[in-house]
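This report introduces a protein model to a reader who has not met it before. Please look over the sequence and the structure before reading on.

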Amino acid sequence: MTDSSPSGMALASLGVGLVHLAVAAGSPLLLAVLLAGFGVAELGWGVALLARGRVILPRAALPLALAPVALWGLDITAAVALGGSGMTASLPIGPMAAASALSLFVGTGLALARQRSLSPRPAASAPRPGRYLLGMTFAALLVASLVTPALAGTNAGTEAVPHGEHGTPAVREEPVSHSGH
């Protein structure tokens with residue numbers, strides 16, 4: 001595992017937490033409570049991971065990172081099998097798919113960290129700042145490319161005030177008349 005792996009997982013956890021909170025804002029009450037709980041936990045774990053620089057509570061974090069994906073998948077499977085709509089049918093599919101992809105990224109990182117902790121370790125090598133920076137840049141681009149459109153696809157994103165219109169009165173341009181030409 002590279003030096004940037006915990007930080008990359010932290011960025012992914014922060015991203016998935018933001019998406020879960022944004023989806024919760026427009027969800028029915030039970031789903032809102034579940035998604036908000038997952039979102040707050042993901043944000044807290046991501047911040048703690050960034051602060052410590054190492055994987056925190058890997059045994060508890062792995063099932064919790066994958067729980068939203070499993071619950072969403074089970075609900076969709078049950079809805080298809082029973083020929084109805086599941087509880088999560090009202091959730092936006094794009095943001096939930098992005099959150100699931102990020103959750104799987106975090107889960108994979110946690111599984112790899114756990115596997116490495118169980119195997120014998122070679123002598124630690126000196127930190128490599130260039131490799132760390134490259135890893136963090138890649139992780140940030142990956143998270144941003146998934147989270148930005150996911151947030152825009154939530155109720156919070158669709159109801160947001162467009163850029164440049166915060167606190168300013170709308171300016172309407174009068175149509176230009178070219179009748180005299």
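Is the crossing of H2 and H3 left-handed or right-handed? In this predicted model, the crossing of these two helices, H2 and H3, is left-handed.

**Overall composition**

The protein contains six helices and zero strands. Read from the N terminus, its elements follow the order α-α-α-α-α-α. The chain has 181 residues, and 33% of the residues are buried. About 11500 Å² of the protein is exposed, with carbon and sulfur atoms supplying 68% of that area. Among contacts with a separation of 6 or more, 80% are between residues that are 24 or more positions apart.

**The pair H2 and H3**

Two packed helices are described by the angle between their axes and by the distance between the axes. For helix H2 (residues 29–52) and H3, the angle is about 145 degrees and the axes are 11 Å apart. On the H2 side, the residues that meet H3 are Phe-38, Glu-42 and Trp-45. Their partners in H3 are Ala-61, Leu-64, Ala-67, Pro-68 and Leu-71.

**Residues of helix H4**

Ser-103 has its place in helix H4, and Gly-109 lies in helix H4 as well. Ser-103 counts as buried because its relative accessibility is 2%, under the limit of 20%. When residues up to four places away in sequence are not counted, Ser-103 touches Val-16, His-20, Glu-42, Ala-65, Leu-66 and Val-69. One of these, Glu-42, is also among the H2 residues that meet H3.

Gly-109 has a relative accessible area of 12% and is therefore buried. The C-alpha atom of Gly-109 is separated by 7.3 Å from that of Ser-5, although the two residues are 104 residues apart along the chain.

**A nonpolar patch at the surface**

Leu-30, Leu-34 and Met-87 make a nonpolar surface patch of about 290 Å². Met-87 is found in the loop between helix H3 (58–82) and helix H4 (93–118). Why is Met-87 described as partly exposed? The reason is its relative accessible area of 46%, because the partly exposed class lies between the limits of 20% and 50%.

The accessibility values of the three residues discussed individually are set out below.

| Residue | Relative accessible area | Class |
|---|---|---|
| Ser-103 | 2% | buried |
| Gly-109 | 12% | buried |
| Met-87 | 46% | partly exposed |

Conventions
Residues numbered from 1 in each chain as written. Predicted model: local features only at pLDDT ≥ 70, side-chain atom pairs only at ≥ 80, totals over all residues. Heavy atoms only, no water. Patch = residues over 30% accessible without salt bridge, like charges linked within 9 Å, V, L, I, M, F, W, Y side chains within 5 Å. Areas by Shrake-Rupley, 256 points an atom, 1.4 Å probe, with all protein chains shown as cover. Salt bridge = Lys/Arg side-chain N within 4 Å of Asp/Glu carboxyl O. Helix = DSSP H or I, 4+ residues; strand = E, 2+ residues; numbered from the N terminus. Buried < 20%, exposed > 50% of the residue type's maximum accessible area, 1.4 Å probe, protein only. Axes fitted to C-alpha atoms, helices over the stretch in contact; angles between N-to-C directions. Left-handed = near helix turned anticlockwise from the far one by under 90°. Contact = heavy atoms within 4.5 Å.
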